[in-house]
Structure formats: C-alpha cells, structure tokens
Amino acid sequence: MRSDPQLPPPEKAALTLGFMRLSDSAPLAMAQEAGLFARYGLEVQLVREASWANLRDKLVVGKLDAAHLLA
C-alpha cells in the first residue's frame with residue numbers, strides 16, 4: 001500500500017518504536033493514526049515505556065528498533 005512505486009522496499013518493514021508519554025512524542029502517535037507509516041510500507045508498533053532508562057536499555061539490547069528520546 002505504498003504511495004510511491006519508485007521507492008525501494010524498506011530494509012526492515014516491521015518496527016517497534018518506544019516512547020515516553022509526553023507531548024513531544026505526539027508526532028509518533030499522529031503518524032500512526034494518519035497512516036503515514038503504512039503509506040511507506042512500514043508496520044509500526046508503538047510501545048509506551050515508563051522511564052528514559054527503560055528506553056535506553058531496550059534500545060541497547062535490541063528489543064526496540066527506535067525510540068523517542070531527548071537529544
């Protein structure tokens with residue numbers, strides 16, 4: 001269901017993204033609800049975490065593919 005047939009397929013289509021329930025994580029939720037991930041051939045699962053340390057640790061051990069983190 002990708003909108004641009006000229007794009008190559010994603011390297012990894014199923015992604016798990018971690019986030020903290022804060023207002024600056026809204027772009028992840030909005031992208032999911034608007035279907036932007038699916039538009040580009042991605043199946044994204046958003047996972048709410050309780051702390052920044054949990055996000056960091058799960059990224060390090062590979063339980064999350066990406067995360068919303070403070071820069």
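Accessible areas in these legends come from the Shrake-Rupley method with a 1.4 Å probe.

**Figure 1. Overall fold of the protein in a predicted model.** Three helices and three strands make up the secondary structure. From one end of the sequence to the other, these elements follow the order β-α-α-β-α-β. The C-alpha trace spans about 40 × 25 × 20 Å along its principal axes.

**Figure 2. Surface and interior of the protein.** The exposed area comes to about 5200 Å², of which carbon and sulfur atoms supply 57%. Among the 71 residues of the protein, 20% count as buried. Where contacts link residues at least 6 apart in sequence, 67% of them join residues at least 24 apart.

**Figure 3. Charged side chains.** The protein carries 8 positive and 8 negative side chains. The centres of these two sets lie 5 Å apart.

**Figure 4. Position and burial of H68.** H68 belongs to the segment that follows β3, the strand formed by residues 66-67. The relative accessibility of H68 is 11%. Buried residues are those under 20%, and H68 therefore counts as buried.

**Figure 5. Surroundings of H68.** The side chain of H68 makes a polar contact of 3.2 Å with the side chain of D24. D24 also appears among the residues in contact with H68 when neighbours within four places in sequence are left aside. That set further includes G18, F19 and M20, together with S25 and L28. W52 and L55 complete the list of contacts.

How values were computed:
Residues numbered from 1 in each chain as written. Predicted model: local features only at pLDDT ≥ 70, side-chain atom pairs only at ≥ 80, totals over all residues. Heavy atoms only, no water. Helix = DSSP H or I, 4+ residues; strand = E, 2+ residues; numbered from the N terminus. Buried < 20%, exposed > 50% of the residue type's maximum accessible area, 1.4 Å probe, protein only. Contact = heavy atoms within 4.5 Å. Lys, Arg positive; Asp, Glu negative; His and termini not counted. Charge placed at Lys NZ, Arg CZ, Asp CG, Glu CD. Polar contact = N/O pair within 3.5 Å; in protein donor to acceptor, adjacent residues only side chain to side chain.
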